[in-house]
Amino acid sequence: MGLFSTIMSKIFGHAEAATPSTTAAPAEAAAAPATAAAAPAAALVDVDAVLSGLAANAGQPLNYKTSIVDLLKLLGLDSSLQSRKELAGELHYSGSTDDTATMNVWLIKQVYAELAKNGGKVPADWTH
């Protein structure tokens, strides 16, 4: 499992833990394929709400909206340069990973854009 998958599971997992579960009728559950069953839950994930909730309990100010380092810290993940370079490779960053400032700006926007593509509700200004 790559770092982006871990980011997704941390955010979407917190959302699922905070949302009361509903039980589908057996006929509905049998009619829906497994992939379709997972998609609606992911489509309901308000990324901003999840991260705001985590930030409220972080014990330190974290600028997770614009800083990939702070986002990773907020999620309890490794925010080292090596980890960020691996994430850049996973998300197909084409620039130089030696230019860490440019890479970090690209990473935070790309992570939020990918979360949005995968069912997260992300404020538009976080991805541009």
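Glutamate 114 and lysine 117 share helix 7, where they stand three residues apart, about one turn of the helix. In this predicted model, the two residues form a salt bridge whose closest N and O atoms are 3.2 Å apart. The partners differ in their surroundings, since glutamate 114 is buried, with a relative accessible area of 17%, whereas lysine 117 is exposed, at 62%. The label given to glutamate 114 follows from its value of 17%, because buried means a relative accessible area under 20%.

Side chains of opposite charge can pair when their charged atoms come close. A search of the whole structure finds two salt bridges, and the pair within helix 7 has been described above. The other pairing joins lysine 85 to aspartate 98, with 3.8 Å between the closest N and O atoms. Here lysine 85 belongs to helix 6, residues 81-90, while aspartate 98 sits in the loop between helix 6 and helix 7 (100-117), so the salt bridge ties together parts that are 13 residues apart in sequence. Lysine 85 is partly exposed, its relative accessible area being 25%, and aspartate 98 is exposed, with a relative accessible area of 65%.

How far the model can be read with confidence varies along the chain, and the pLDDT values give a guide to this. The chain has an average pLDDT of 84, and 77% of the residues score at least 70. Over residues 21-42, however, pLDDT stays under 50, and for this stretch the model has five contacts beyond four places in sequence.

Definitions and conventions:
Residues are numbered from 1 along each chain as its sequence is written. This is a predicted model: local features need pLDDT of at least 70, side-chain atom pairs count only at pLDDT 80 or more; totals for chains, interfaces and linings use all residues. Side-chain values use heavy atoms; hydrogens and water are left out. A salt bridge is a side-chain nitrogen of Lys or Arg within 4 Å of a carboxyl oxygen of Asp or Glu. Helices (H or I, at least four residues) and strands (E, at least two) are DSSP runs, numbered from the N terminus. Buried means under 20% relative accessible area, exposed over 50%, partly exposed in between (1.4 Å probe, protein chains only). pLDDT is the predictor's confidence in each residue, from 0 to 100. Contact means heavy atoms within 4.5 Å.
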